[in-house]
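Work through the exercises below with the structure open beside you. Try each task before reading its solution.

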Amino acid sequence: MRADARRNRDRILEAARDAVAERGADAPMELIARRAGVGVGTLYRRFPDRGLLLAALAEQYVHELTDALDQAVADEPDALAAIRAFIVHSVEKSRGAIAAALADTSAPEARQALIRRLDDLVRRAQADGAMRSDVGTGDLMELLNVFACHPGVVPERFLPLLLDGLAAT
């Protein structure tokens with residue numbers, strides 16, 4: 001990909017992320033193009049339909065979550081602390097809006113890679129005796145789903161309580 005085409009793609013994805021976070025998955029393509037500083041034709045040449053744009057956005061989002069997981073592992077003293085930091089990072093309001101908008105959009109390979117990495121971390125926390133053995137990666141994914149994709153369903157003040165509940169007694 002040429003450098004200018006890559007820049008346009010990056011600007012389109014950034015604008016799409018903001019527009020989708022604000023207006024949902026049906027954000028107008030014209031709005032996205034305008035915010036990216038490109039013409040609508042350029043947007044449609046790169047992403048011929050909304051589904052392809054949302055798929056690219058979902059893939060980028062999952063890669064960002066994977067990077068956040070890696071950063072939490074690097075920054076935190078143990079596996080359970082890394083899990084907690086990753087979940088808190090992932091459910092921040094700015095990420096929650098985009099997660100909610102992309103809930104029905106899949107990035108299967110990137111998502112499975114993220115789940116495998118999180119699963120490794122869960123197993124490590126359990127092997128260390130820090131995390132309850134009856135809590136699995138699927139439970140954490142549900143926790144992320146509730147707080148990131150459906151903000152307001154459970155009061156935000158419950159997140160620390162639920163995270164405290166991960167610890168082995």
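Accessible areas here come from the Shrake-Rupley method with a 1.4 Å probe; for residues, only the protein chains shown count as cover. The model is predicted.

**Exercise 1. Describe the protein as a whole.**

Task: State the secondary structure, the extent and the surface of the protein.

Solution.
Step 1. Count the elements: there are nine helices and zero strands. Read from the N terminus, the order is α-α-α-α-α-α-α-α-α.
Step 2. Take the extent along the principal axes: the C-alpha atoms fill a box of roughly 60 × 35 × 25 Å.
Step 3. Turn to the surface: the accessible surface is about 9,300 Å², and 50% of it belongs to carbon and sulfur atoms.
Step 4. Look at burial: of the 169 residues in the protein, 38% are buried.
Step 5. Look at charge: the protein carries 22 positive and 26 negative side chains, and the centres of these two sets are 6 Å apart.

**Exercise 2. Locate the domains and the largest nonpolar core.**

Task: Find which elements build the largest nonpolar core, and where this core lies with respect to the domains.

Solution.
Step 1. Note the domain assignment, which gives domain 1 (1-48) and domain 2 (55-168). Their C-alpha centres are 27 Å apart. Nine residues from domain 1 and nine residues from domain 2 take part in the contact.
Step 2. Identify the core: it has 55 residues, and those that touch the most other members are I32, L53, I83, F86, I87, M131 and L140.
Step 3. List the elements that give two or more residues to the core; among them are helix 1 (3-23), helix 2 (29-36), helix 4 (50-75) and helix 5 (79-90). Helix 4 gives the most, with 11 residues.
Step 4. Draw the conclusion: the core lies between domain 1 and domain 2, because both give residues to it.
Step 5. Set this beside a general tendency: in soluble globular proteins, nonpolar side chains tend to be buried together.

**Exercise 3. Examine helix 2.**

Task: Which residues of helix 2 are buried, and what do they pack against?

Solution.
Step 1. Pick out the buried residues of helix 2: M29, L31, I32, A33 and A36.
Step 2. Find their partners: these buried residues pack against helix 1, helix 3 (40-46) and helix 4.
Step 3. Check what follows helix 2: G37 comes next, with a positive phi near 75 degrees.

**Exercise 4. Compare two positions, M131 and T66.**

Task: Is M131 buried or exposed? Is T66 buried or exposed?

Solution.
Step 1. Place the residues: M131 sits in the loop between helix 7 and helix 8, while T66 is in helix 4.
Step 2. Apply the cut-off, under 20% relative accessible area for buried. M131 has a relative accessible area of 3%, so M131 is buried. T66 has 7% relative accessibility, so T66 is buried.
Step 3. List the contacts, leaving aside residues up to four places away in sequence. M131 touches L80, I83, V122, A125, Q126, L140, L166, A167 and A168. T66 touches L114 and R117.
Step 4. Relate sequence to space: M131 and G165 are 34 residues apart in sequence, and their C-alpha atoms are 8.9 Å apart.
Step 5. Extend this to the protein: among contacts between residues at least 6 apart in sequence, 67% join residues at least 24 apart.

Key. Residues numbered from 1 in each chain as written. Predicted model: local features only at pLDDT ≥ 70, side-chain atom pairs only at ≥ 80, totals over all residues. Heavy atoms only, no water. Core = buried A, V, L, I, M, F, W, Y, C linked by side-chain atoms within 4.5 Å. Buried < 20%, exposed > 50% of the residue type's maximum accessible area, 1.4 Å probe, protein only. Helix = DSSP H or I, 4+ residues; strand = E, 2+ residues; numbered from the N terminus. Domains from an automatic or database assignment. Contact = heavy atoms within 4.5 Å. Lys, Arg positive; Asp, Glu negative; His and termini not counted. Charge placed at Lys NZ, Arg CZ, Asp CG, Glu CD.
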